[in-house]
Amino acid sequence: MENLPSLSQTGRADGRSVEQELTQIFAVTPGLLCIAGLDGYFKRLNPAFGLTLGYSDEALLSQPFINFVHPDDRTATLAELHCLARSKATRDFENRYRAQDGSYRWLLWTALSNPQEGLIYASAQDITERKQAEQALKQERDFSQAILNTVGVLVMVLTPQGRIVSFNRACEAMAGVSLEVVKGRFAWDLLPVPAEAMALQAAFDHLAQGQILPSWESHWESPGETHRLIVWSNTLLTQADGTVEYVIATGIDITERRADQQRLEQQNRQGQLLTELSRKIRQSLELSEILQTTVSEVQTLLGCDRVFILQAQADRTGKTVAEAFVQADFSLLQPGRQLFSFPPSYLDYHRLRSISVAPTPSELPAPTLLNAISVQSELVVSIITHGRFWGLLVAHQCTQPRQWHSIEVNLMQQLADQIGVAIDQAELLNNLEGLVTERTLKLTQINTQLQQEIGERHQTELALRESEQKFAGILDIAEEAIISVDQNQQIQLFNQGAERIFGYQAAEVIGQSLDILLPSSSRQVHRQHVHQFAASGTVSRRMAERSSQVSGRRKNGEEFPAKASISRLQTKTGNLFTVIIEDITIREQAEAALRRSEEQLRLTTNALPVLISYVDTRHRYRFNNRAYETWFGRPYTQMQGLHLSSVLGAATYRSVLPYLEQALAGQTVTFETAFPHQDGNSHWVSVSYIPDVQAGMVKGCFGLTSDISDRKATEQLKDEFVSVVSHELRTPLTSVHGSLKLLATGQLGTLADEGKALLEIAIKNTERLTRLINHVLDLERIESGQVTMVQECCQVTDLIDNAVQAIQPMARAHDITFQIQAEPMALWVDPDHIAQTLINLLSNAVKFSPPGSVVRVRTVDRGEQVRFQIEDRGRGIPSDKLETIFERFQQVDASDSRERGGTGLGLAICREIVQRHGGRIWVTSHHGEGSQFCFTLPKDADPNSHGLSGS
Ligand code: ADP
């Protein structure tokens, strides 16, 4: 304490020690007083220090005072001391001092310094309580703020004048503006709807005048969204004197809720409308009224620009039958607008889809049409009655595109259903009326009959006329002439058909006698007919019951044949006859022409010495000429409709059957066979079947059969001659061949080279001659029936393999390979002869194929038959030779016998063998591209039943 200034040094006049005064002041001052040194130590403290902090003075004076300062406040405290050292006064400096109990006390300092003395004079106020209160308040404020910002509601604090003081986060988020931006602005400045802004401003004006502030609803602009609808309720914060200090407004976003509410209301209204309409429909039977009510109500309810009903017409257009619109130019029925009906496509479109919601014009069915009546969006539903399409209920939005809600679509659909019911009902009513009318009419008629009065007679006549007129429309469609005459033969009705046929206009003949329509020659006869018919007591006869041919007379005097029928109707005024006349001139002409051409054909065909027939697809004769009579000995006219087998006999029928089937499949065929003749013999014939193809279908075939037995007889003579010669030749030829071979061995002496060459040629020619003779004899033996086919069960594959094996050396020599595709099947045939056939066909194929090529052998299962196919890639056969090469000595080229060692008899032998098995042989070929020889064999062939033994 030695450093402490001595107060006595300051001197006091009253002699009281300054020290004493200071001690007293220190003692009584409730606040904290101290003198500290710039060295950082307290020098002197009043008792309040010790009391406040709980330390003894010694404890406080013994260490630098900074040690008692809260670590967080030390820097600021040292800075403040620094200022004091430079004789700056301290005011309201706050820091915390640690009390002895470890707590901190907030102190508020005021201090002065005397740098010369190195001293600081300071007073401090303990503000710990105030600080704590402040802290609590701040916490509370932060807490409330946090709550305000986290609750979903919108909270605004406004002045009583309506200016924004505070705006919570929810408000910021919804309005898309921050508190800074809106602070101080009037709440109504944020409202986009002017009417709402004005109302809010007025409410605040009323508040200023002491009236209550009601809750209010207003829209707020929300970024990126449409307006949100908010309902605001408010609380007033008032001062003690009752004046309003703040308005706390809390808002809830009710946009969705309100929309739902509105939708619900609308649905309710729609439900009501539907009920109302259904009730009206049930009560009212006036269809047009119902339709009109519907369109008007729908138009109001949906708030669309045009609603109308389209009725589908017989010509497949639609007719507008009811319509409602917001403004006259949207009307489809507007005077001057030509659009009364829609094109068929429009109706077709909706026939397929019961509902169409088209939000954009491009998706609409007929854009041009809809553009013409300015449609941006449309909603269309079908009206169905009795399960049939009746028409459409259509709503249009013309001013802007519109998305239709499903409830709107539903409503339309339900209304369309109700309309359907209404239409059904109206139809029922009409029918009912019709029924009543009918009954009434019947009653009237009965009544009329009973009374038999002249006046009523007249009335009935009129009614009849009327109904005649009604029927005239229908009658006019008829092709025939329909003419009614009364009992005096005066014409009462003359339809358009009659006008066409007779050349008179109805007006010219009505009331005239029927005679003008008849040739004079038949007038009398006709009159008699009518009288007889009138007297016959038959009330009416259908056209078919009495048909007779008559003649008519046209206006130009021309007479024509006609078919007529007559019926009678008993009326009050007497009999009314209706004659239906059909002009049969053209038909008769055509028939006559046909008859003529048929006769000509008959005459011609009958004159020919060949058998001419027409056979249908069921193998029955449809036509035979007279030659059949001569041939088969029975009237040719009786053959029509008979089956071929009953005319030709079963065996002959079987032999022609494969060819007939071929013709009925569309191919022209010619073949030779034997027909039994009435003279008891079989005659050789050449038969051609020519298919009758009409519109791509074979209807039957024409058959031409000519007797070739004379030619055959000559051939046979020739054959016999050849055979005799052959037999005579064969023995010497064999010995010549043997001698030549012997010579060639050189055993009888060597020959010069020239001699050897000549010998070679001689051997080759003898061999060919031998082959020829063998073939001639073979053929002759088979044809004459000397050879029987010895049938046994054979495997198709074996037959082919054996034949191929036999021909293999020759094939190798020609560099030909075989490709075999045979199905394993059993056949009942003569294996040697079938092998002979196969070998001959294969050797031909090899002979005529180019070296290195392939010969294909194939079998095809044709059900009851097997088809063999031998196909080569050789030179082919010209189309005019396809048939003839199966004849004897027929070769495509004369050199074939010389160069290829052929005889021209192989195919003839093959044909004999195949035919003897009941099969058929033929060739198809594209000249230059190879040939395909085919033959068929029946699986259960009976080789010896196909012989031509009788020829
Ligand atoms: P040839 O002994 O002359 O072969 P064919 O009766 O077997 O006697 O044959 C008659 C004629 O048919 C042959 O000369 C030939 O002109 C022609 N021919 C037969 N098969 C074929 C074939 N595969 N390719 C071309 N022509 C053929």
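**Note on two five-stranded sheets, a ligand site and selected residues**

1. Leu 154 stands opposite Gly 251, a residue of strand β10. The strands that meet in this region are β6 (residues 154–158) and β10 (residues 244–253), which run antiparallel and are joined by five bridges. Strands here are DSSP runs of E with at least two residues, while helices are DSSP runs of H or I with at least four residues, both numbered from the N terminus; two strands pair if DSSP finds at least two bridges between them.

2. The model is predicted, so that local features need pLDDT of at least 70 and side-chain atom pairs count only at pLDDT 80 or more, whereas totals for chains, interfaces and linings use all residues. Residues are numbered from 1 along each chain as its sequence is written, and side-chain values use heavy atoms, with hydrogens and water left out.

3. As an overall description, the secondary structure of the protein comes to 27 helices and 33 strands. Of the 951 residues in the protein, 41% are buried, where buried means under 20% relative accessible area, exposed over 50%, and partly exposed in between, with a 1.4 Å probe and protein chains only. The accessible surface of the protein is about 51600 Å², and carbon and sulfur atoms hold 53% of this surface; such areas come from the Shrake-Rupley method with a 1.4 Å probe, and for residues only the protein chains shown count as cover. Among contacts with a separation of 6 or more, 53% link residues 24 or more positions apart, a contact being heavy atoms within 4.5 Å.

4. The pairing of β6 with β10 belongs to an open sheet of five strands, whose order is β7-β6-β10-β9-β8 and whose pairing is antiparallel. At its edges are β7 (164–167) and β8 (216–220), each of which pairs on one side only, and the twist from one strand to the next averages 30°. Helix α8 (residues 194–208) lies across β6, β8, β9 and β10, and runs at about 140° to β8; axes are lines fitted to C-alpha atoms, for helices over the stretch in contact, and angles run from 0 to 180 degrees between N-to-C directions.

5. Within that sheet, strand β9 (residues 228–238) contains Leu 229. Is Leu 229 buried or exposed? Leu 229 is buried, because its relative accessible area is 8%. Apart from neighbours within four places in sequence, Leu 229 is in contact with eight residues that can be listed in full: Glu 217, Ser 218, His 219, Ile 252, Asp 253, Ile 254, Thr 255 and Arg 258. Between Leu 229 and Arg 257 there are 9.5 Å from C-alpha to C-alpha, although the two are 28 residues apart in sequence.

6. Another open sheet of five strands has the order β23-β22-β26-β25-β24, again with antiparallel pairing. Because β23 (621–624) and β24 (669–676) stand at the edges with a single partner strand each, one side of each is left without a neighbour in the sheet. The average twist from one strand to the next is 25°. Strand β22 (residues 611–616) pairs with strand β26 (residues 697–707) over six bridges in the antiparallel sense, and here Asp 616 stands opposite Gly 700. Helix α21 (residues 650–664) lies across β22, β24, β25 (682–694) and β26, at about 160° to β24.

7. A charged-type name on an edge strand deserves a reader's attention: Glu 672 has its place in β24 and is buried, with a relative accessible area of 18%. Its side chain makes polar contacts with the side chains of Arg 711, at 2.7 Å, and Lys 712, at 3.1 Å. A polar contact is a pair of N or O atoms within 3.5 Å; within protein, one must be able to donate a hydrogen and the other to accept it, and residues adjacent in sequence count only if both atoms are side-chain atoms. Beyond four places in sequence, the residues in contact with Glu 672 include Trp 684, Val 685, Ser 686, Ile 708 and Glu 887.

8. The ligand is surrounded by 22 residues, the closest being Asn 844, Gln 891, Asp 896, Thr 903 and Leu 907; a residue counts when one of its heavy atoms lies within 4 Å of the molecule. Ligand oxygen atoms are found 2.8 Å from a side-chain N or O atom of Asn 844, 2.5 Å from one of Gln 891, and 2.9 Å from a polar backbone atom of Val 892. On its own the ligand has 520 Å² of accessible area, and the protein covers 99% of it. Helix α25 (831–847), helix α27 (906–916) and strand β33 (931–938) each supply at least two residues of the shell, with α25 giving the most, at four.
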